[in-house]
Amino acid sequence: MGQRILVVAPHADDEVIGCAGLILSSKLKGASVGWLLMTSVEEQYGYSEEFVQTRKKQIETVKELLSFDTFSNLGFHPAYLDTIPKSEIILAMSKVIQRYQPSELYIPYPGDAHSDHGVTFDCCRAFMKPLGTIMWKKFVAMKQFLKPIKILLLIKNTLNPTGLLISVIL
Ligand SMILES: [Zn+2]
């Protein structure tokens, strides 16, 4: 089985800001790349219908431009992950992970400012031990930079089209 990367993004934009260049370069080398989105912008969480629709379109655009092979959305409430029992989050993640069988997990950097990133990192730690037949080769923490210029430089060094993604999401 070839390289199978699963990008664990607390919010829709973390995959682009955190590792879009890495995703594109891995795809060029023949890797399979899945996107696991932890939270979802929904009207029931207080977001406007317009914003919900805009976000859905952005997600579809990113899925296409980054050529994700799979997409799963756990649908948890953004900014409220720290109010949900970790066992519940880990169970939901494990279903995706067991199905996709990744060889590598790209996970959020625990020192990011948003609490959802820290909770997601903590939940990912549950999968850092070999589970059943899964043997992890690598974990990559998606460090996010506070200055956009650094993001653009990082991505420009890898591949160009991501500049378009930045404008779609931010
Ligand atoms: Zn985020």
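Good morning, and let me begin with a stretch to treat carefully: over residues 145-170 the pLDDT stays under 50, and for this stretch the model has 32 contacts beyond four places in sequence. I start there since what we have on the screen is a predicted model, and its confidence varies along the chain. Where is that confidence lowest, and where is it highest? The lowest value belongs to helix H6, residues 162-169, with a mean of 38, while the highest belongs to strand S3, residues 70-76, at 98. For the protein as a whole, the mean pLDDT is 80, and 74% of the residues reach 70 or more.

With that in mind, please turn to strand S1, which covers residues 4-9 and is mostly covered, with five of its six residues buried. From S1 the chain crosses through helix H1, residues 14-28, to strand S2, and this β-α-β crossover is right-handed. S1 and S2, the latter being residues 32-39, pair in the parallel sense over six bridges, and if you would like a place to look, Ile 5 stands opposite Val 33 in S2.

Which other strand pairs with S1? That is strand S4, residues 104-108, which pairs with S1 in the parallel sense over three bridges, and here Val 7 has Tyr 106 of S4 as its bridge partner. S4 is mostly covered too, since four of its five residues are buried.

Let me now move from the strands to the nonpolar core. The largest such core has 35 residues, and those with the most contacts inside it are Val 7, Val 8, Ala 9, Ile 23 and Leu 36. At least two residues of this core are supplied by each of S1, H1, S2, H2, helix H3 (86-100), S4 and helix H4 (115-125), although the largest share, seven residues, comes from H1. Leu 36 is a good residue to click on: leaving aside its neighbours within four places in sequence, Leu 36 is in contact with Leu 6, Val 7, Val 8 and Ala 9, and also with Ser 72, Met 93 and Val 96.

Finally, a word on helix H2, residues 49-65, which has 17 residues and reaches 24 Å from its first C-alpha to its last, close to the 24 Å expected at 1.5 Å a residue. Just after H2 comes Ser 67, which takes a positive phi of about 55 degrees.

Thank you, and I am happy to go back to any of these places on the screen.

Conventions: Residues numbered from 1 in each chain as written. Predicted model: local features only at pLDDT ≥ 70, side-chain atom pairs only at ≥ 80, totals over all residues. Buried ≥ 20, exposed ≤ 12 C-beta atoms within 10 Å, placed from the backbone. Pairing = 2+ DSSP bridges. Right-handed = clockwise from strand over helix to strand, strands pointing away. Expected span 1.5 Å × (residues − 1). pLDDT = per-residue confidence, 0-100. Contact = placed C-beta atoms within 7 Å. Core = buried A, V, L, I, M, F, W, Y, C linked by C-beta atoms within 7 Å.
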